[in-house]
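The exercises below ask the reader to work through one protein, beginning with its interior and ending with its backbone. Each task is followed by a solution that goes step by step.

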Amino acid sequence: QFNFQDKVALVTGGASGIGLATVQAFFKAGAKVAIVDCDLSRAELAARELSSSSDKALAIQCDVAAPEEVERMVSDVIKTFGKIDIAFNNAGVQNQLAETADATVEDFDRVNGVNLRGMWSCMKYELRQMREQGEGVIVNCSSLGGLVGGAERGTYHAAKHGVLGLTKSAALEYADRNIRVNAVCPGLIWTPMAEQMAESGQREALEGMISQIPMKRHGDASEIADVVLWLSSDASSYVTGQSISVDGGLIMR
Ligand code: NAD
């Protein structure tokens, strides 16, 4: 469908779920991929499954919540591939369910450290490179939770709303410098994260959510990857600062 020959794509949280599906789609479309994850062994496994050559698929360990690790990770990608054409900032964690009055500072800091500050750090160092290159595309992973509220999920929703603020601000800053910045807002996508929620006593809630989805099914990670590739391609060359819901129509409810 898309041709990313000679392009370099960096994907955070690339070892699992939505990130892994996007890594596979970029690679299939001809891109060289940097698979960035805090879980090195899963990132290495993903890289090995794609290619025996680290010149084509590179696994890099990085906790996006640690700005110094992000700076080093971006510089490692540039050392290996010479540039960053596309960055999909996708690494994320769920919050512990708690109503606002009971949520803890530790959980707020953990969730926002990864989902919001981690996103900001990644954008910061990626944009330094893209600014120098004079071109680039960034796609950030927000959520349906970045557009609506969620009971007992305030810390996660706050971070995902914040991602859209970062996206629009950077899109404005770089619109006339050949750098586009957009976001995807997945609905319910069946990944290890969703599996983990189901196993931690939320299976009924997830099934209830599926009955609310106009398409009456959860999404597949590859359906998010398809939209990320479109947003990363010239087919969306006049699109910037947007958040695209990929949720089977759930946002309409
Ligand atoms: P997942 O748990 O399958 O994958 C997340 C990946 O991110 C894992 O490989 C994990 O190791 C990595 N990661 C976690 N913390 C990290 C850190 N600090 N530094 C680097 N890597 C880290 O989850 P997923 O469902 O594929 O989620 C991917 C993104 O999509 C997340 O941002 C999530 O919030 C968002 N999202 C998911 C859904 C869904 O229904 N699955 C819905 C909306 C948004």
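**Exercise 1.** Identify the residues that touch the most other members of the largest nonpolar core, and state which helix contributes the largest share of this core.

*Solution.* In this predicted model, the largest nonpolar core has 72 residues, and those that touch the most other members are Ala9, Val33, Ala34, Ile35 and Ile60. The next step is to ask where the core residues come from: helix α4, which spans residues 105-133, supplies the largest share, namely nine residues. Taking Ile35 as a worked case, and setting aside its neighbours within four places in sequence, one finds contacts with Val11, Gly14, Ala15 and Val23, with Ala43, Ala46 and Ala47, and with Ala57, Leu58, Ala59 and Ile60.

**Exercise 2.** Determine which residues of helix α2 are buried and which are exposed, and explain how the buried ones are arranged about the helix axis.

*Solution.* Helix α2 covers residues 40-50, and within it Ala43, Ala46 and Ala47 are buried. Viewed down the axis of α2, the buried residues fall within an arc of 100°, so they line one face of the helix. This agrees with a general rule: an α-helix has 3.6 residues a turn, so residues three or four places apart point the same way. On the other side of α2, the residues Ser41, Arg48 and Glu49 are exposed. As for what covers the buried residues of α2, the list includes helix α1 (17-28) together with strands β2 (32-37) and β3 (57-61).

**Exercise 3.** Is Gln24 buried or exposed, and how far is Gln24 from Ser222 in sequence and in space?

*Solution.* Gln24 belongs to helix α1. Counting the other C-beta atoms within 10 Å of Gln24 gives 21, and since the cut-off for a buried residue is 20 or more, Gln24 is buried. Turning to the pair, Gln24 and Ser222 are separated by 198 residues in sequence, while their C-alpha atoms are 9.0 Å apart. Over the protein, residues 24 or more positions apart make up 71% of the contacts with a separation of 6 or more.

**Exercise 4.** Describe the overall fold and judge its compactness against the globule rule.

*Solution.* The protein has seven helices and seven strands, and along the sequence they follow the pattern β-α-β-α-β-α-β-α-β-α-β-α-α-β. The radius of gyration is 17 Å, close to the 18 Å that the globule rule gives for 253 residues, so the protein is as compact as a globular protein of that length. Along the principal axes, the C-alpha atoms fill a box of roughly 45 × 35 × 35 Å, and 45% of the 253 residues count as buried. An unreviewed UniProt entry lists residues 7-196 as "domain: Ketoreductase"; this span is 49% helix and 18% strand, with its end C-alpha atoms 34 Å apart.

**Exercise 5.** Examine the backbone at Glu152 and Asn178, and locate each residue relative to the elements around it.

*Solution.* The starting point is that most residues other than glycine have a negative phi. Glu152, although not a glycine, has a positive phi of about 65°, and Glu152 sits in the loop between β5 (136-141) and α5 (154-174). Asn178, also not a glycine, has a positive phi of about 65°, and Asn178 is located in the loop between α5 and β6 (179-186). For the environment, Glu152 has 16 C-beta neighbours inside 10 Å and counts as partly exposed, while Asn178, with 13 such neighbours, counts as partly exposed too.

Methods:
Residues are numbered from 1 along each chain as its sequence is written. This is a predicted model: local features need pLDDT of at least 70, side-chain atom pairs count only at pLDDT 80 or more; totals for chains, interfaces and linings use all residues. Helices (H or I, at least four residues) and strands (E, at least two) are DSSP runs, numbered from the N terminus. The radius of gyration is taken over C-alpha atoms; the globule rule is 2.2 Å times the number of residues to the power 0.38. A residue is buried if 20 or more other C-beta atoms lie within 10 Å of its own, exposed if 12 or fewer, and partly exposed in between; C-beta atoms are placed from the backbone. Two residues are in contact if their C-beta atoms, placed from the backbone, lie within 7 Å. The arc is that of the directions from the helix axis to the C-beta atoms. A nonpolar core is a set of buried Ala, Val, Leu, Ile, Met, Phe, Trp, Tyr and Cys residues joined through C-beta atoms within 7 Å. UniProt positions are given in the numbering used here, feature names are shortened, and annotations may be inferred rather than shown by experiment.
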